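Work through the exercises below with the structure open. Each task is followed by a stepwise solution.

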Amino acid sequence: YHCVASKCRSLHGRYLATPWLASPHLQTLFLGIHGRPPSFTYKRQLYTVRDGGTIALDWLLAFDLEDADEIISKDSSTPLLVVVPGLTSDSDAAYAKHLVHSMARKGWNVVVSNHRGLGGVSITSDCLYNGGWTEDVREVINYLHRKYPKAPMFCVGTSIGANILVKYLGEEGESTPLAGAASICSPWDLVVCDRFISRKLVQRFYDKALAFGLKGYAKLHQPVLARLANWEGIKKSRSIREFDHHATCIVAKYETVDTYYRRCSSASFVGNVSVPLLCISALDDPLCTREAIPWDECRANKNIVLATTQNGGHLAFFQGLTAGKLWWVGAVSEFLCALHDSSYMHQQKGGRTCSAFFTGVVH
């Protein structure tokens, strides 16, 4: 805490939401509709994983903002950030572009690891991603570490991508090559969030909207889904739970939806996280309820900095009169840069890890 989190002004100041976006629903809706992302162009790399699946890696290098035609050297020591998007989101999501552009401006190289089947890429194997599918993140991180062994590597997961990231960190423990990470608006406990999102009328609206997005994802890959899952059930799905029943559980071979949710909830893996990890959640998040935040588990793990805000919605946290910035992007940037400049970066297998601890509320 004294060497890293204490240097982050954002974590000790006040988060003031954009006045005309004071409601969590307005924040979340505005982010989804527009979000005012910065304008830039990614460089795409298609990566094939061991099972034959294809992942789109979208790059923005620090050089790209200088209009220079450069590639990363194998011996580069420039920090590398891997971004894992949320459910049905890809590198074009407004929040992803805010983060990517911010870190590239700091001189970092950034790559968005799109979930298989997203980013305009076809599904090329009999496997889909899901809320607990860590194999793709693991393979991409190991690949990048082998290719750029001297580059300190960090990772940021957002929404369901945050759940995947924290679960991966818990599974890997000391073995991960990541030097640090950040989890933004994670659902934490998929069972609790499933109950929450079906509880009230406004939450059921989000549930239907996300289910609509999942059905759109399925329709893009109908030849594969119709063969692997219950296509008629998918078409009739009106909730995330129904989609998971007809698609996710069948493809991933989970006995029931609740079995899938329990086994894939990152809250169960928090205790084994062995790298410095910043976790940010808004207490008014209309999708990922505060009831699911593993407060005690985070307090018990001295590698974790848990910061919560009263407002912010889901992945939004707009600030300023023009809503031109996302507060959490600045907080993540501060934390990762401070961590990179410290002696607390995680070293793979037996290296020194962060021994600091902080949990707090950003008002």
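**Exercise 1. Place Ser-159 in the fold and describe its surroundings.**

Step 1: Ser-159 sits in the loop that links β5 (153–158) to α5 (160–172). Helices (H or I, at least four residues) and strands (E, at least two) are DSSP runs, numbered from the N terminus.

Step 2: Its relative accessible area is 11%, so Ser-159 is buried. Buried means under 20%, exposed over 50%, partly exposed in between (1.4 Å probe, protein chains only).

Step 3: Setting aside residues up to four places away in sequence, Ser-159 touches Gly-86, Ile-184, Cys-185, Ser-186, Pro-187, His-314 and Leu-315. Contact means heavy atoms within 4.5 Å.

A note on the source: this is a predicted model, where local features need pLDDT of at least 70, side-chain atom pairs count only at pLDDT 80 or more, and totals for chains, interfaces and linings use all residues. Residues are numbered from 1 along each chain as its sequence is written, and side-chain values use heavy atoms, without hydrogens and water.

**Exercise 2. Do the same for Asp-285.**

Step 1: Asp-285 lies in the loop between β7 (277–282) and α12 (295–300).

Step 2: Asp-285 has 4% relative accessibility, so it counts as buried.

Step 3: Beyond its neighbours within four places in sequence, Asp-285 contacts Cys-185, Phe-196, Gly-313 and His-314.

**Exercise 3. Which residues does UniProt mark as "active site"?**

Step 1: The unreviewed UniProt entry lists Ser-159, Asp-285 and His-314. Positions follow the numbering used here, feature names are shortened, and annotations may be inferred rather than shown by experiment.

Step 2: These residues span 156 residues in sequence, yet no two of their C-alpha atoms are more than 10.8 Å apart, so they gather at one spot.
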